[in-house]
Amino acid sequence: MWRGRRGFGPGRPMKPRYIPYSPTAFGFIPVSPSGTPLPAGEPIEMRLDEYEAIRLVMYEGLNQEEAARRMGVSRGTLWRCLDNARKKIATMLVEKRPLMIVP
């Protein structure tokens with residue numbers, strides 16, 4: 001079983017995802033209509049695989065099977081990445097919190 005392995009934490013290890021670049025951390029901070037930053041809450045952290053899933057499906061217009069093939073994961077894994085990314089983006093917009101994309 002995968003549970004209880006020292007140094008790796010609980011659960012099964014994450015399967016590697018193919019992301020064609022390795023950007024540094026970057027983020028988005030909400031601003032008022034006048035351009036001044038709004039008071040920031042706890043930042044939301046989006047992983048690179050979630051960012052890549054959103055980019056492939058929403059920006060490039062690929063279907064989930066094509067995007068999963070490009071990332072080297074199953075369609076179910078891609079769906080979970082998309083679902084997590086959508087929830088984080090929605091939370092960022094509704095709660096006016098910063099969004100950080102971290103490696």
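These are my notebook entries on how the strands and helices are arranged in this predicted model.

**Entry 1, the sheet.** I started with the strands and found an open sheet of three, in the order S1-S3-S2, with mixed pairing. I then looked up the edges: they are S1 (26–28) and S2 (44–47), and each of these pairs on one side only. From one strand to the next, the twist averages 25°.

**Entry 2, S1 beside S3.** How many bridges join S1 to S3? I found three, and the two strands run antiparallel. S3 covers residues 99–102. For a spot to look at on screen, I chose Phe-28, which stands opposite Leu-99 in S3.

**Entry 3, helices on the sheet.** Next I asked which strands H1 (residues 48–59) touches. H1 packs on the sheet and touches S1, S2 and S3. The direction of H1 makes about 70° with that of S2. H3 (residues 75–95) packs on the sheet too, touching S2 and S3. Its direction makes about 155° with that of S2.

**Entry 4, H2 against H3.** My last stop was H2 (residues 64–71), which packs with H3 at an angle of about 100°. Their axes are 9 Å apart. Angles of 65 to 115 degrees count as roughly perpendicular, so H2 and H3 are roughly perpendicular to each other. Who makes the contact? From H2 I listed Gln-64, Glu-65, Ala-67, Ala-68 and Met-71. From H3 I listed Arg-75, Leu-78, Trp-79 and Leu-82. Sorted by class, this contact has six nonpolar, one polar and two charged residues.

How values were computed. Residues are numbered from 1 along each chain as its sequence is written. This is a predicted model: local features need pLDDT of at least 70, side-chain atom pairs count only at pLDDT 80 or more; totals for chains, interfaces and linings use all residues. Side-chain values use heavy atoms; hydrogens and water are left out. Two strands pair if DSSP finds at least two bridges between them. Axes are lines fitted to C-alpha atoms, for helices over the stretch in contact, and angles run from 0 to 180 degrees between N-to-C directions. Contact means heavy atoms within 4.5 Å. Angles under 35 degrees count as roughly parallel, over 145 as roughly antiparallel, 65 to 115 as roughly perpendicular and the rest as oblique. Ala, Val, Leu, Ile, Met, Phe, Trp, Tyr, Cys and Pro count as nonpolar, Asp, Glu, Lys and Arg as charged, and the others, Gly among them, as polar.
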